[in-house]
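Student: I'd like a close look at one part of this model, with the cut-offs spelled out as you go. Pick a spot and work outwards from there.

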Amino acid sequence: MSIYSSIVESYHDYDSLEYSGIILITITMTLAGMDAALVAGFIAALSTYAVQSITYQHPIKGAMCAATLRSSAWNRSAEAQKILLDKKKGRERILVIQCQGHIFFGNSTILKESVLELLVERRRSGDDPIVVILDFTHVLAIDSSSAMTIEKLKDSIIKSFGVEVVIFVCGHEDGFRCHYDLSLKVNGGAANKREGSSKRLLDPIDIGEEDPIMFETCKEPIHPNSSRAQARASVTARALDVSNSHSGYKNAVMADIPNSHVCETLDDALIFAEDVLVAVQDAMILQNDVDDRFRSNILEGSGMAVKCSKTQQSSLEEIARAFLTSLCTGANANEIDKIYCLLEPELYYCNDIVWTQGDESKSLKLIVDGSLLSLLEDEDGARESCYPGSIVGELGLLNGTRRLTTLKVISDKAVLYSLSQERWELLACEDPKVARFIDVIAIRYLSHRIQHVSNHNLFGKRSLPV
């Protein structure tokens with residue numbers, strides 16, 4: 001029975017080097033007894049450590065706060081942005097630790113001690129992080145014993161340093177690169193609910209069709225393995241305004257942030273962390289922010305051909321004006337009206353192509369309703385989702401460049417408000433002050449992209465934001 005459990009049952013839990021040592025110990029114990037097996041175990045462990053120590057580098061590449069990093073959540077509300085930019089409450093309270101190389105039992109202890117030392121240093125400086133992100137994107141492999149050490153590291157971070165959430169970035173759609181099911185072990189769930197918390201855990205599958213947070217879905221999924229639960233990994237951190245249909249306590253905010261969470265990319269992790277920071281300060285601000293960014297499709301099931309009803313037009317107009325007010329910081333009502341009057345509403349359906357890569361840039365568009373996908377034709381997998389409240393095509397309009405990506409509708413319907421090149425040039429000529437708001441939006445978007453985590457070589461920068 002012991003042979004079966006040591007060889008057969010452990011096959012999927014260890015890598016080839018570790019498993020070879022197990023086989024050696026088992027054979028030696030069977031043929032020569034326990035004393036010889038102890039010697040074989042010592043030799044196997046020493047050999048494994050020596051090979052891995054020679055081959056592998058220090059497990060930590062570097063660490064930094066997320067003050068200069070930006071996620072794909074481009075258009076958060078002004079209240080949310082204020083929290084995230086605050087030195088005491090915002091992104092500076094996110095600590096990003098990037099790991100690298102092979103993590104094995106010989107250096108996993110170094111990894112654990114180094115992470116804890118970093119947290120001690122942050123505590124001494126008075127900058128205790130609210131969220132810690134452990135990025136394993138550049139990790140090539142993790143052996144099973146190290147995976148168990150990482151699991152224990154999560155508990156140490158939370159219990160010893162009061163960190164609200166530990167986020168793990170596996171860097172791969174299939175999870176961590178190890179035989180041990182580390183993704184399951186460190187992912188937050190009901191078991192990770194804080195003791196004494198009156199908050200309820202909200203998992204993605206808990207979100208019903210009547211809940212305030214909705215995600216656009218197309219009849220044809222973008223990825224074969226995509227699901228509604230995967231639409232936004234950060235949904236577990238979102239606060240819901242509870243309706244009477246759920247609990248009878250209207251306007252009672254419910255948000256349970258798990259102690260730990262696993263994300264596929266650093267961008268997803270940063271979005272989750274930002275949501276946590278906002279929710280910790282004011283869950284209703286996060287709710288309003290989510291309502292704007294992931295608004296349910298107003299035109300869903302309307303059966304329209306081309307035109308909207310008067311009620312829908314009025315609703316869309318209010319939303320468009322609200323988005324413009326948020327985007328054009330400092331603009332008064334008259335200036336917002338002037339910009340709005342230059343916009344023309346356009347209706348698109350699922351899989352419609354708004355423009356193709358290489359087309360002439362003749363307009364910019366404000367997404368008022370629905371979701372779109374921007375993708376590079378020449379690079380498989382290079383894509384970005386565009387949500388309500390975003391402006392697209394601004395660079396081409398202002399700079400005269402051809403379309404850099406193809407823009408496709410992925411929701412059932414989408415309403416875009418378009419500013420044509422002719423009307424833009426007229427505005428720039430007649431009222432440069434109002435036209436300046438569009439310039440500022442383009443500059444802000446470009447700045448955000450420069451600081452975006454996908455374009456940010458965290459610990460090997462060749463250029464810095466100034």
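**Around a helix pair**

Tutor: Let's start at Glu 164, which is partly exposed at 31% relative accessible area (buried is under 20%, exposed over 50% and partly exposed in between, with a 1.4 Å probe and protein chains only). Bear in mind that this is a predicted model, where local features need pLDDT of at least 70 and side-chain atom pairs count only at pLDDT 80 or more, while totals for chains, interfaces and linings use all residues. Residues are numbered from 1 along each chain as its sequence is written, and side-chain values use heavy atoms, leaving out hydrogens and water.

Glu 164 sits in the loop between H6 and strand S4 (165-169); helices (H or I, at least four residues) and strands (E, at least two) are DSSP runs numbered from the N terminus. Its C-alpha lies 8.4 Å from that of Pro 258, even though Glu 164 and Pro 258 are 94 residues apart in sequence.

Step back from that loop into H6 (residues 144-161) and you meet its partner, H5 (residues 108-124): the two pack at about 15°, with axes 9 Å apart. The axes are lines fitted to C-alpha atoms over the stretch in contact, and angles run from 0 to 180 degrees between N-to-C directions. H5 and H6 are therefore roughly parallel (under 35 degrees; over 145 is roughly antiparallel, 65 to 115 roughly perpendicular, the rest oblique). The crossing of H5 over H6 is right-handed, so the near helix is turned clockwise from the far one by less than a right angle.

Who touches whom? From H5 come Ser 108, Leu 111, Lys 112, Val 115, Leu 116, Leu 119, Val 120 and Arg 123, and they meet Ser 146, Thr 149, Ile 150, Leu 153, Ser 156, Ile 157, Ser 160 and Phe 161 of H6, contact being heavy atoms within 4.5 Å. Sorted by class, that's nine nonpolar, five polar and two charged residues (Ala, Val, Leu, Ile, Met, Phe, Trp, Tyr, Cys and Pro are nonpolar; Asp, Glu, Lys and Arg charged; the others, Gly among them, polar).

Just ahead of H5, in the loop from strand S2 (94-103), you'll find Phe 104. Phe 104 counts as buried, at 3% relative accessibility. Its C-alpha is 9.7 Å from that of Thr 149, with their positions 45 residues apart along the chain, and Thr 149 is one of the H6 residues in the helix contact.

Now for the cores. The largest nonpolar core has 30 residues, with Leu 366 and Tyr 417 touching the most other members; a core is a set of buried Ala, Val, Leu, Ile, Met, Phe, Trp, Tyr and Cys residues joined through side-chain atoms within 4.5 Å. A second, separate core of 29 residues includes Cys 99, Val 115, Val 132 and Ile 158. Val 115 is also one of the H5 residues that meet H6.

For scale, the chain holds 14 helices and 15 strands, and 46% of its 466 residues are buried. Of the contacts between residues at least 6 apart in sequence, 77% join residues at least 24 apart.
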